[in-house]
Amino acid sequence: MSAPRGRRPPPDEPLGSVVRPVVDDSATAPACHRCADTDLTRVRVALPDGRPAVFAACAACETTAWYVVGGDGRALGPDGTPR
Ligand SMILES: [Zn+2]
């Protein structure tokens, strides 16, 4: 058995990175609902009821919230209810 060759990922491809989002969710979660800072870490998730949502963590005040994709922009708690 020899090691497989020629299947290395390109060096400029950040594998498994959560820092660079696959999609731009800044429209869904534009700013922290608590301090209005826009430096949020956004992760696409699904709510327990199946709705697509964005989990946002604020770098400034460490508040976290969920925002429904295509929703009304309200920040939701971890159980999907408005906070
Ligand atoms: Zn904040």
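Me: Why is Arg51 called partly exposed?

Reply: Partly exposed is the class between buried (under 20% relative accessible area) and exposed (over 50%), worked out with a 1.4 Å probe on protein chains only. Arg51 has 36% relative accessibility, so it counts as partly exposed. One heads-up: this is a predicted model, where local features need pLDDT of at least 70 and side-chain atom pairs count only at pLDDT 80 or more, while totals for chains, interfaces and linings use all residues. Residues are numbered from 1 along each chain as its sequence is written, and side-chain values use heavy atoms, leaving out hydrogens and water.

Me: What makes Asp49 and Arg51 a salt bridge?

Reply: You need a side-chain nitrogen of Lys or Arg within 4 Å of a carboxyl oxygen of Asp or Glu. Here the closest N and O atoms are 3.0 Å apart, so the pair passes. As for Asp49, its 52% relative accessibility makes it exposed.

Me: How many salt bridges are there by this rule?

Reply: Three. Another one joins Arg74 to Asp72, with 2.9 Å between the closest N and O atoms. Arg74 is partly exposed at 47%, whereas Asp72 is exposed at 58%.

Me: And Asp25, which has a salt bridge with Arg44: why is Asp25 called buried or exposed?

Reply: Buried, because its relative accessibility is 4%. Its partner Arg44 comes out at 41%, so that one is partly exposed.

Me: What does the pair of Asp25 and Arg44 tie together?

Reply: Their side chains meet at 2.6 Å, N to O. Asp25 lies in the segment before β1 (40–46) and Arg44 in strand β1 (a strand is a DSSP run of E, at least two residues, numbered from the N terminus), so the bridge links parts 19 residues apart in sequence.

Conventions:
Helix = DSSP H or I, 4+ residues; strand = E, 2+ residues; numbered from the N terminus.
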